[in-house]
Amino acid sequence: TKENRVNILVTGLTDRDKAVVSVAERLLLRWYDLLQKDLIKFLNYFGGSENEQSLYLIASVLSEKLPVNQENEVEQELPIQYESIETMNSAILIWLYVRCGYISQFSNKFNLIKYCEAYLPTPEEFLTAMKTLTTFEDDRFQVYIKYLLLLAPYMAQATDITGHKLLQEGALEVLETSITAPFEDTVIVTACKTLGLLDAEIGSGPRAANLVFSLLQRALSPSSATDSDGNAGEVSGVLMAAPCLQWLVQQQLQWKKAGKPASGLVNFQDILPAITSSLQQTDAMMRASAIAAVGMLALYEEDVRGQYFGLLRQIAFGHFEEEGVRCTALKAVVDNLLSVPESIGEDHKNAVFSSLATAITQSFPQEGGAGQLSPDAWALFVESAAKLVFGGVSNDPYLVSKLLYTFFVGPVLFSASDNASLISGASHEQQTLEASYQRVQQLLSVLFAAYVAKHDASFETLRESITLLVSDLTMAVRDGYVASSVFAQAFQ
């Protein structure tokens, strides 16, 4: 049965053992060959929208096994009769989305445009489909609509400004209907994200902003449906709120930069209490989404920034928080410091600089204390510190000295002898540690030179930071964490 085929492949493709994955990949290609490499038959071999996630995985693996023609030609993948939107099903749309992503990543824009022209619906067909499909409530149309929306930015690659507007109109049609229709959250969120991507090309007016704002108010309404525990609807609402709010903030900023009156669009103060109350929830995903929303709103509203920047800072550097929540808060803090540094008090700035320096060094092997980070999170903290220093927001010698220490001592600490995790609490393999450090070292090697060339105060800051670095290296050599040769290398 289709269910058995799907279970066999998905189980094999997601197995931890690479040998098992390899066998599953060969089985996938064997079935593809047995079906005469008929892509439509192959996709339907595994069902439709009811197996969305599995189909996406299978399509992704097959796409990787079918290299893109690098000679600017579009291979015939779909039979002619399936090139019309009327005859496409969810499985075909999933394949088209996966394939467009693969081509955009591994080929050139010319190939992508030719593929889009050959197989994707036209903007006119897209708009007609959105107006028609939104009248259905069948669950299978949810997946269909979602993948049509996901394909819209690719359709935009092969059209003009008129086509862009038709695509945008189609996304708005979904949002407008979603206020009364029982769409799944993923469809609504996808429509908002699609609208944002299309809006990067052409601006949308107050209608779009007010539609998204109405949706946001509905999502955060206390009357939203909840499950038996009384919280599912609230979680769902906040997860929807983050992308909706992001689009609205971006829209307001674009109007402001263009000199247009943004005051006539929406009033964020009406929804701020609902968003901030979500910060008190225990669900990590919900808290992270609420933090992202508050951080974005703080970029635009000075009152919000003044009221909540301190809370975002505490969450970013609070050892009691889950790591994903901390990282989300840190991104919000750094975005605000880089975008509007003049509106943030010196006490807040100095606290961020000091906390970053502490968080970075606490994650080195010899520190062995609380608050240590996984390799990926540690890299984010270092990169955040580098952005603030090289962006001219911080001239704190202590923070700069920790970046220098990371640059010079990191190669020793992050390429230690065995495969044990060097960062307490982390479960990553040694190669993950080294990859995180290599990314950080590449960033620092480029930006240190740019920092000296760009900022007038950099020499004085570097002089003070080098004094602190000498002290740190001396202690590291004394305690046996670093060989004396590293000390010499730092001052060659």
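Modeller: Welcome! One term to start with: a residue is buried when its relative accessible area is under 20%, and exposed when that area is over 50%. Please keep in mind that this is a predicted model.

Biologist: Thanks! Which residues of α16 are buried?

Modeller: In α16 the term applies to Val-325, Arg-326, Cys-327, Ala-329, Leu-330, Ala-332, Val-333, Val-334, Asn-336 and Leu-337. Their cover includes α14, α15, α17 and α18 (375–390).

Biologist: How do you know that the span of α16 is close to the expected one?

Modeller: The expected span is 1.5 Å times one less than the number of residues. For the 17 residues of α16 that gives 24 Å, and the distance from the first C-alpha to the last is 24 Å, so the two are close.

Biologist: And what does the chain look like as a whole?

Modeller: The protein chain has 22 helices and 0 strands. Of its 492 residues, 51% are buried. Its accessible surface comes to about 22900 Å², and carbon and sulfur atoms hold 51% of that surface. If you take the contacts with a separation of 6 or more, 69% of them join residues 24 or more positions apart.

Biologist: Let's go to helix α1. What puts its buried residues on the same side?

Modeller: Helix α1 covers residues 2–13, and its buried residues are Arg-5, Val-6, Leu-9, Gly-12 and Leu-13. They span an arc of only 145° around the axis, so they sit on the same side of α1. These buried residues pack against α2 and α4.

Biologist: Now the charged pairs. Why is the link between Glu-52 and Lys-146 called a salt bridge?

Modeller: The cut-off is 4 Å between a side-chain nitrogen of Lys or Arg and a carboxyl oxygen of Asp or Glu. Glu-52 and Lys-146 have N and O atoms 2.4 Å apart, so the pair qualifies. Glu-52 lies in helix α4 (residues 52–65) and Lys-146 in helix α8 (residues 140–157), so the bridge ties together parts 94 residues apart in sequence. Both Glu-52 and Lys-146 are buried.

Biologist: How many salt bridges are there by this rule?

Modeller: The count is 4. Another one of them joins Arg-287 and Glu-321, with the closest N and O atoms 2.5 Å apart. Arg-287 is in helix α14 (residues 284–300), while Glu-321 is in the loop between α15 (302–316) and α16 (323–339), so parts 34 residues apart in sequence are tied together.

Biologist: Why is Arg-287 counted as buried?

Modeller: Its relative accessibility is 11%, and the limit is 20%, so Arg-287 counts as buried. Glu-321 has 13% and is therefore buried by the same limit.

Biologist: What about Glu-346 and Lys-349: what makes that pair a salt bridge?

Modeller: The N to O distance is 3.6 Å, which is within 4 Å, so the pair meets the rule. Glu-346 and Lys-349 both belong to helix α17 (residues 346–362), 3 residues apart, about one turn of the helix. In general, an α-helix has 3.6 residues a turn, so residues three or four places apart point the same way.

Biologist: Are the two partners, Glu-346 and Lys-349, buried or exposed?

Modeller: Glu-346 has 51% relative accessibility, so it passes the 50% limit and counts as exposed. Lys-349 has 10% and counts as buried.

Biologist: What makes the phi of Gln-36 worth a mention?

Modeller: Most residues other than glycine have a negative phi. Gln-36 is not a glycine, yet its phi is positive, about 55°. Lys-37 also has a positive phi of about 55° without being a glycine. Gln-36 is placed in the loop between α2 (18–34) and α3 (39–44), and Lys-37 is in the loop between α2 and α3 as well. Gln-36 is exposed at 61% relative accessibility, and Lys-37 is exposed at 53%.

Biologist: One last residue. How do you know that Ser-401 is buried?

Modeller: Its relative accessible area is 0%, which is under 20%, so Ser-401 is buried. Ser-401 lies in helix α19 (residues 397–413). Its side chain reaches the backbone oxygen of Tyr-398 at 2.6 Å. Leaving out residues up to four places away in sequence, Ser-401 touches Ser-465, Leu-468, Leu-469 and Asp-472.

Notes:
Residues numbered from 1 in each chain as written. Predicted model: local features only at pLDDT ≥ 70, side-chain atom pairs only at ≥ 80, totals over all residues. Heavy atoms only, no water. Helix = DSSP H or I, 4+ residues; strand = E, 2+ residues; numbered from the N terminus. Buried < 20%, exposed > 50% of the residue type's maximum accessible area, 1.4 Å probe, protein only. Contact = heavy atoms within 4.5 Å. Polar contact = N/O pair within 3.5 Å; in protein donor to acceptor, adjacent residues only side chain to side chain. Areas by Shrake-Rupley, 256 points an atom, 1.4 Å probe, with all protein chains shown as cover. Arc of directions from axis to C-beta.
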